[in-house]
Amino acid sequence: MSSKDKNIFSKESLMTTEAGRDILKQGAFHSKGYKQFQYYKEKSEKEFPYFVKRFVSDLYLQIKDDQNPSSTLSTFVSEVGSNELLLESSKINTVKSRLSDLNTLTDTVQRILNSNYVKMTYPVFHALFDEANSYLNLQISEETRNTLIDGHIIAIDLSEPMDRIIDRDEDLDYLDDYKLINPYMLNLARSKISKCGEEVLKSFEEGFKNAGIGQYVDYKLKINPLSISDENMSKCYKKYSAVMGTAGKNMALCRQPLAEIFYLGMARAGESVGCGNEIEDSLKNGIIKVPSWPLYYAINTNDVKKAFDLTIKKSNLYLEDARIALEMLPGDFKAKPFLDFLLITVKHYNQFWYNQLKKIDRFASFEQKLSTIIKN
């Protein structure tokens, strides 16, 4: 399995959840889903370093050759509509000079690639692309596959530096580097995806726009947590569903009906992982994440423990929708066991963090800090 914290998928951790025990059982009996998952996991582990090398090399050239980084950054900030991502003009040349060192840039890239969404989706994109290519008889080259997957992984990874800048909850010494690197990541993602056809690029642009709406609502809820609502949380979750769903859609190069089915499955799986992330972040930071489903439920029930109980139920609802997407796939779609196994790993991930939260029992502490969140 793939995650930032490898301990989550250790044998000991897998034994702590129903989904984890199912994973162990499938591994012991070498089920079709387990074998397919292992194949793509090993394939991705082998290919990921080459992706990193391509990513760093392309990014290095963009940063080094840009004669007007201030304009590049301003254009990006204007597009995404978040001044918090703007780097002070007095720092731009210094940061550019620092990131023009290949070793420094590599370290920065590897930090932002340390993301659950990147690690969990990289093998999935390979599987979706391979199966769509085979099922639809597209005969797409390996080079085009790498270009498409690289572009979408970079686009998904863009949320990492943006979130870290706005949340200010990790990598505080790297936030200036992240501010400068953001526009080049977006330009690189666009450049790669555009090589796969006008329709694929159009799909990406629409998804990126919707993800931006989600990011904006996320930011507004951070400023005013009491404005949280079911509707606002659904809009906020576009930061997951739009970017993940669009990537899934484009793995089928927008060919219907696979494109729509891939969109639904990846969007809902991404939203389910979002719930798990909120539980994990709340536990690690010692305070309910703002915004999040736990916060929404806590404010409306005045019961923090119940709020996390409802959040894990919400994550399962998203997973049920993802399973509906599996049922929509053609009967002879070969990767179906792999995708089913994948959803089991997502369920384990969410349940693991929920169990950790109950074990450590920080509900009383969360309760005390809830009033502070609301007042701020």
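# Exercises on helix packing and salt bridges

Helix α4 (residues 69–80) packs against helix α10 (residues 175–194) at an angle of about 75°, and their axes lie 9 Å apart. The model is predicted.

**Exercise 1.** Determine how α4 is oriented relative to α10, and describe the residues of their contact.

*Solution.* Step 1: the packing angle is about 75°. Step 2: angles of 65 to 115 degrees count as roughly perpendicular. Therefore α4 is roughly perpendicular to α10. Step 3: on the α4 side, the contact is made by Pro69, Thr72, Leu73, Phe76 and Glu79. On the α10 side, it includes Leu180, Pro183, Tyr184 and Arg190. Step 4: the residues of this contact comprise 7 nonpolar, 3 polar and 3 charged.

**Exercise 2.** Explain what the salt bridge between Arg145 and Glu47 ties together, and state whether these residues are buried or exposed.

*Solution.* Step 1: side chains of opposite charge can pair when their charged atoms come close. Step 2: the side chains of Arg145 and Glu47 form a salt bridge with an N to O distance of 3.1 Å. Step 3: Arg145 belongs to helix α8 (residues 142–157) and Glu47 to helix α3 (residues 32–65), so the pair joins parts that are 98 residues apart in sequence. Step 4: both Arg145 and Glu47 are buried.

**Exercise 3.** Check the span of α8 against its expected value, and decide how far the helix is enclosed.

*Solution.* Step 1: α8 has 16 residues, and at 1.5 Å a residue it should span 22 Å. The expected span is 1.5 Å times one less than the number of residues. Step 2: the end C-alpha atoms of α8 are 22 Å apart, which agrees. Step 3: 13 of the 16 residues are buried, so α8 is largely enclosed by the rest of the structure.

**Exercise 4.** Classify Asp171 and Arg164 as buried or exposed, and identify the network to which they belong.

*Solution.* Step 1: buried means under 20% relative accessible area. Step 2: Asp171 has 18% relative accessibility and therefore counts as buried. Arg164, with a relative accessible area of 3%, is buried. Step 3: their side chains meet in a salt bridge at 2.9 Å, N to O. Step 4: a network of salt bridges links Asp107, Arg111, Glu160, Arg164, Glu170 and Asp171.

**Exercise 5.** State how many salt bridges the structure holds, and describe the one between Lys239 and Asp218.

*Solution.* Step 1: the structure holds 27 salt bridges. Step 2: the side chains of Lys239 and Asp218 meet in a salt bridge at 2.4 Å, N to O. Step 3: this pair links distant parts of the chain, with Lys239 in helix α13 (residues 238–251) and Asp218 in helix α11 (residues 198–223), 21 residues apart. Step 4: Lys239 and Asp218 are both buried.

Conventions:
Residues are numbered from 1 along each chain as its sequence is written. This is a predicted model: local features need pLDDT of at least 70, side-chain atom pairs count only at pLDDT 80 or more; totals for chains, interfaces and linings use all residues. Side-chain values use heavy atoms; hydrogens and water are left out. Axes are lines fitted to C-alpha atoms, for helices over the stretch in contact, and angles run from 0 to 180 degrees between N-to-C directions. Helices (H or I, at least four residues) and strands (E, at least two) are DSSP runs, numbered from the N terminus. Angles under 35 degrees count as roughly parallel, over 145 as roughly antiparallel, 65 to 115 as roughly perpendicular and the rest as oblique. Contact means heavy atoms within 4.5 Å. Ala, Val, Leu, Ile, Met, Phe, Trp, Tyr, Cys and Pro count as nonpolar, Asp, Glu, Lys and Arg as charged, and the others, Gly among them, as polar. A salt bridge is a side-chain nitrogen of Lys or Arg within 4 Å of a carboxyl oxygen of Asp or Glu. Buried means under 20% relative accessible area, exposed over 50%, partly exposed in between (1.4 Å probe, protein chains only).
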